[in-house]
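Here are some notes for your reading of this model, set out as numbered points. They begin with the ligand and then turn to the pocket and the annotated domain.

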Amino acid sequence: MPNLVPDLIAPGTLSGVPQPVLTAGPGLLLRPWTAADAPMIVDAFRDPATRHWHCRSVESVAEAEELIDGFTRGWRTETSATWAVVTAGGEVLGRVALRAIGTAKGEAEVAYWMRAAARGRGAAPAGVGAMSAWAFGVGLHRLILNHSTRNEASCRVAQKTGFELEGVRRSAELHVDGWHDVHLHALIGPSDQREDDPLGPYRAAG
Ligand SMILES: CC(C)(COP(=O)(O)OP(=O)(O)OC[C@H]1O[C@@H](n2cnc3c(N)ncnc32)[C@H](O)[C@@H]1OP(=O)(O)O)[C@@H](O)C(=O)NCCC(=O)NCCS
């Protein structure tokens with residue numbers, strides 16, 4: 001049966017090119033992960049907040065390598081796009097990602113964590129901002145962002161990058177300490193008739 005609404009992004013548009021390196025502001029880059037980052041991921045997941053909010057642990061380099069394989073596979077299959085947030089000097093600060101990419105409908109879900117020592121300097125919003133600008137540039141239309149209502153730092157990332165609060169998904173995520181209500185935020189691409197440019201401060205300056 002013919003589809004009356006065309007796919008927003010033709011199959012192969014993302015996977016047909018290497019995953020790009022993105023500039024996320026002065027001295028900050030987003031680059032694809034490599035196997036060499038595995039020990040850093042193990043270290044990042046020693047942080048209790050990272051384990052708590054992501055409901056998982058990464059105990060060994062082998063497990064981290066599996067995770068990184070998944071990031072690479074996600075690009076190849078156009079289902080996710082995951083970047084390391086790094087300084088110009090090469091220090092890895094954290095991760096930003098688009099997951100559950102739906103190329104037909106043009107939607108994806110934003111995810112992120114920063115290493116404990118890298119928090120509080122705006123790296124997550126800068127990374128999410130640059131990644132979102134890229135996503136709208138390749139034709140995605142709507143990005144969603146979910147976080148536990150108890151995760152105030154994550155809510156601040158959503159607010160700083162212009163993801164509007166659409167509602168509370170009640171008792172939507174099971175964490176180790178029980179069910180959490182979840183904020184659903186979303187940001188619509190350039191076709192939205194907004195006068196402001198919420199990603200403006202996070203667009204790379206050339
Ligand atoms: C949520 C998170 C990604 C924010 O990253 P970030 O780069 O620190 O973001 P920002 O620098 O913009 O700080 C966001 C908020 O974190 C809080 N914060 C500031 N310094 C902090 C620090 N040193 N440690 C922890 N939180 C801090 C503040 O509330 C800040 O909001 P403000 O700028 O209005 O004061 C990061 O705290 C993190 O990785 N947390 C653990 C994992 C997690 O929660 N992932 C998201 C799951 S939905």
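1. In this predicted model, an oxygen atom of the ligand is 2.6 Å from an N or O atom in the side chain of K160. Of the 910 Å² that the ligand exposes when taken alone, the protein buries 71%.

2. Two further polar approaches to the ligand deserve a look, one through a side chain and one through the backbone. A polar side-chain atom of H54 lies 3.0 Å from a nitrogen atom of the ligand, while a polar backbone atom of A123 is 3.5 Å from an oxygen atom of the ligand.

3. Which residues come closest to the ligand? It is surrounded by 20 residues, and the closest are M114, G120, G122, R156 and K160.

4. The largest pocket has a volume of about 880 Å³, and its lining is made up of 38 residues, with H54, Y112, W113, N151 and S154 lying nearest its centre. The elements that give two or more residues to this lining are the helices α2 (48-54), α3 (61-76), α4 (123-137) and α5 (152-160), together with the strands β4 (92-102), β5 (107-114), β6 (142-148) and β7 (164-175).

5. Strand β5 supplies the largest share of that lining, with six residues. By residue type, the lining of the largest pocket divides into 19 nonpolar, ten polar and nine charged residues.

6. As for the record, an unreviewed UniProt entry carries the annotation "domain: N-acetyltransferase" over residues 28-189. Across residues 28-189 the chain is 33% helix and 38% strand, and the C-alpha atoms at the two ends are 23 Å apart.

Key:
Residues numbered from 1 in each chain as written. Predicted model: local features only at pLDDT ≥ 70, side-chain atom pairs only at ≥ 80, totals over all residues. Heavy atoms only, no water. 1 Å grid on protein atoms, 1.4 Å probe; cavity = no way out; pocket = protein on both sides within 12 Å on 5 of 7 lines; lining within 4 Å. Points joined across faces, edges and corners; volume = space filled by probe spheres on them. Helix = DSSP H or I, 4+ residues; strand = E, 2+ residues; numbered from the N terminus. Nonpolar A, V, L, I, M, F, W, Y, C, P; charged D, E, K, R; others polar. UniProt positions renumbered as here; feature names shortened; annotations may be inferred. Near = heavy atom within 4 Å. Polar contact = N/O pair within 3.5 Å; in protein donor to acceptor, adjacent residues only side chain to side chain. Areas by Shrake-Rupley, 256 points an atom, 1.4 Å probe, with all protein chains shown as cover.
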